[in-house]
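Me: Could you take a close look at the salt bridges in this model for me? I'd like to know which residues pair up and where they sit.

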Amino acid sequence: MSLYGMMRTGVSGMAAQANRLSTTADNIANSDTTGYKRASTEFSTLVMPSTGGSYNSGGVTTTVINSISAQGVLQYTTSVSDLAVDGNGFFVVQNPNGTPFLTRAGAFVPDGEGRLVNAAGFQLMAYSYENGVPAATVNGFDGLEPVRITDGQMTASPSTEGYYQGNLPAGATAVAAGDLPTTNTTTAQYTSKSSMVAYDNLGNRKLLDVYFTNTGAGTWQVAVFDQAAATPGTSFPYAGGALGTANLTFDNTTGQLTGGTDSVALTIPNGGAFNLDLAQLTQLGAGFTVSGGATNGNAPSTIDKVQISKDGTIYAMYGDGSTRALYKIPLANVQSPDRLAVLPGNVYAQGTDSGDITIGFANEGKLGAVVSGALESSNVDIAEELTDMIAAQRSYTANSKVFQTGSDLMDVLVNLKR
């Protein structure tokens, strides 16, 4: 064994313990950082070739492992935009340059432009409902855009669909064909009438009169009119006639609809195509009853507040009580999260050994649920870190003694020739 090799081994031991102390220092410093994942230093031996009767000391090398897959405790807050993942998934964020990353740090707050930005300045990414219900791009970040919610923006959505749920009286008297509401005459007759609110392209309220008229055993006619077009002081005739009609057929034994038509297609004045679903109607021996009914769309209104569901859908709650889905937050994952590349700002990028990034939605597989009003704490245990720090200090001191001993022996060897 050479004295130089002995000193080199002592230096490698001190360097290894210095790395251990560095990760411990980082862990302690970030013990209160939202979503921070503990770093640890793993040791492995370096073995030098030895010959008979002579041992060459090697040393030790270190590898830093981040416990990214270990979840921290969820701490609940009063802010809706504080987000946590209860599972294995990661939020997708981007920096100001548009480069995407993964993170578990979900302390998002709106910036001056309404974008949700976390403490490190990364913007939350999601899929917009602007072009319909979004679908995740499994193997890439295409289609994602920064979540942007502006309170002052006024929006209106036209109605495109609605439904009625209730009962039509089985014992109703049939109305003659010449007196049906579709004749749109002053003598028109009907069995029952109801109304519902829909919205046109500008968000104006359109009150629709819906007439249910018995035309025979188990058969009914449904006719929809624009109430604004009714004759003043009465109803029929309506200017322009019926917006849409449908003929329903019920099974006289069960009282349920039997095949054929179960909806009314129409066009809302100054609006778009609208479909009124009637599949939940029955014909039973009771009076006319409407037990449920609704339409989509909303009048012009500003956003009153925002809610985020466990599946990651961001809903805008308007002042008139209506809701609208704005974005759906995706979650990302890799095969080996602990092998992700750790970058400044508590974000991660795909590493050489992490596996490819895949993207899906909350509650799919092991991605977990999105929890609004909560933050994931650091997974650092201060007591454990202090214990590691003391152990690393003692080991560093011991390795320094090895180096000092080698240095003293080297002095003895150099002084032999004097």
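Reply: Happy to help; here is a walk through the salt bridges, with a short look at the surface beside one of them.

A word on the ground rules: this is a predicted model, in which local features need pLDDT of at least 70 and side-chain atom pairs count only at pLDDT 80 or more, while totals for chains, interfaces and linings use all residues. Residues are numbered from 1 along each chain as its sequence is written, and side-chain values use heavy atoms, with hydrogens and water left out.

Side chains of opposite charge can pair when their charged atoms come close. The cut-off used here is a side-chain nitrogen of Lys or Arg within 4 Å of a carboxyl oxygen of Asp or Glu. Searching the whole structure on that basis gives ten salt bridges.

Let's start with Lys37, which pairs with Glu376 at 2.5 Å between the closest N and O atoms. Lys37 sits in the loop between α1 (3–29) and β1 (39–46), and Glu376 belongs to strand β29 (residues 374–376), so this bridge ties together parts 339 residues apart in sequence. (Helices, H or I with at least four residues, and strands, E with at least two, are DSSP runs numbered from the N terminus.) Both Lys37 and Glu376 are buried; that term means under 20% relative accessible area, with exposed being over 50% and partly exposed in between, using a 1.4 Å probe and protein chains only.

Arg38 has a salt bridge to Glu384, with 3.5 Å between the closest N and O atoms. Because Arg38 is in the loop between α1 and β1 while Glu384 is in helix α2, the pair links parts 346 residues apart in sequence. Arg38 is buried at 12% relative accessibility, whereas Glu384 is partly exposed at 38%.

Lys193 and Asp209 also meet through their side chains, at 3.9 Å from N to O. Lys193 is in strand β13 (residues 192–199) and Asp209 in strand β14 (residues 205–216), so here the tied parts are 16 residues apart in sequence. Lys193 is partly exposed at 35% relative accessible area, but Asp209 is buried at 1%.

Shared partners also build a network: Arg20, Arg38, Glu384, Glu385 and Asp388 are joined by salt bridges.

Finally, Met389 lies in helix α2 (residues 382–415) and is partly exposed at 34% relative accessibility.
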